[in-house]
Amino acid sequence: MAPTVVLECTQCGGLLLAAKTQKTRCCPYCNAKVDLKKAKRLASAESAMEASEILRKLKAQRQNNSRKPKPT
Ligand SMILES: [Zn+2]
């Protein structure tokens with residue numbers, strides 16, 4: 001399996017996966033064409049399976065963060 005990176009969409013900040021060799025990736029959330037060089041790379045993995053596991057954890061973390069009460 002190809003090395004895979006976890007990226008943040010430059011348009012909407014959504015999390016997406018891409019092969020390390022890919023140059024652009026279409027965001028599944030906002031349909032933007034994401035330039036992988038410009039996008040923020042959150043993690044890299046040896047395989048797509050590992051990357052999706054990381055993606056799952058990052059999504060769970062984000063949900064936890066948004067559930068926290070905002071400081072007033
Ligand atoms: Zn997006």
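**Exercise 1. What arrangement do the four donor atoms around the zinc ion make, and which angles do they subtend?**

Before starting, note that this is a predicted model, in which local features need pLDDT of at least 70 and side-chain atom pairs count only at pLDDT 80 or more, while totals for chains, interfaces and linings use all residues. Residues are numbered from 1 along each chain as its sequence is written, and side-chain values use heavy atoms, with hydrogens and water left out.

*Step 1.* List the donors (N, O and S atoms within 2.8 Å of the metal, or 3.2 Å for Na, K and Ca; water is not among the atoms, so sites may look incomplete): the SG atoms of Cys 9, Cys 12, Cys 27 and Cys 30 coordinate the zinc ion at 2.3 Å.

*Step 2.* Check the angles: they run from 108 to 112 degrees, and therefore the arrangement is tetrahedral, a term that requires all angles of four donors to lie between 85 and 135 degrees. For comparison, the ideal angle for four tetrahedral donors is 109.5 degrees.

**Exercise 2. Describe how the zinc donors are placed along the chain and how accessible Cys 12 and Cys 27 are.**

*Step 1.* Read the spacing of the donors along the chain, which is C-x2-C-x14-C-x2-C.

*Step 2.* Locate two of these residues among the strands (DSSP runs of E, at least two residues; helices are runs of H or I, at least four; both are numbered from the N terminus). Cys 12 sits in the loop between strand S1 (4–8) and strand S2 (15–19), and Cys 27 in the loop between strand S3 (24–26) and strand S4 (33–35), so the pair ties together parts that are 15 residues apart in sequence.

*Step 3.* Compare accessibility, where buried means under 20% relative accessible area, exposed over 50%, and partly exposed in between (1.4 Å probe, protein chains only): Cys 12 is partly exposed at 40%, whereas Cys 27 is buried at 1%.

**Exercise 3. Find the salt bridges and state which parts they join.**

*Step 1.* Apply the criterion, a side-chain nitrogen of Lys or Arg within 4 Å of a carboxyl oxygen of Asp or Glu, which gives two salt bridges in the structure.

*Step 2.* Take Arg 62 and Glu 8, whose side chains meet at 2.7 Å, N to O; Arg 62 belongs to helix H1 (residues 48–67) and Glu 8 to strand S1, so this pair ties together parts that are 54 residues apart in sequence. Arg 62 is partly exposed at 36%, while Glu 8 is buried at 19%.

*Step 3.* Turn to Arg 56 and Glu 53, which meet at 2.9 Å, N to O, and which, being three residues apart in helix H1, are separated by about one helical turn.

Note on methods. Four donors count as tetrahedral if all angles lie between 85 and 135 degrees; four count as square planar and six as octahedral if opposite donors are over 155 degrees apart and all others between 65 and 115; anything else is irregular.
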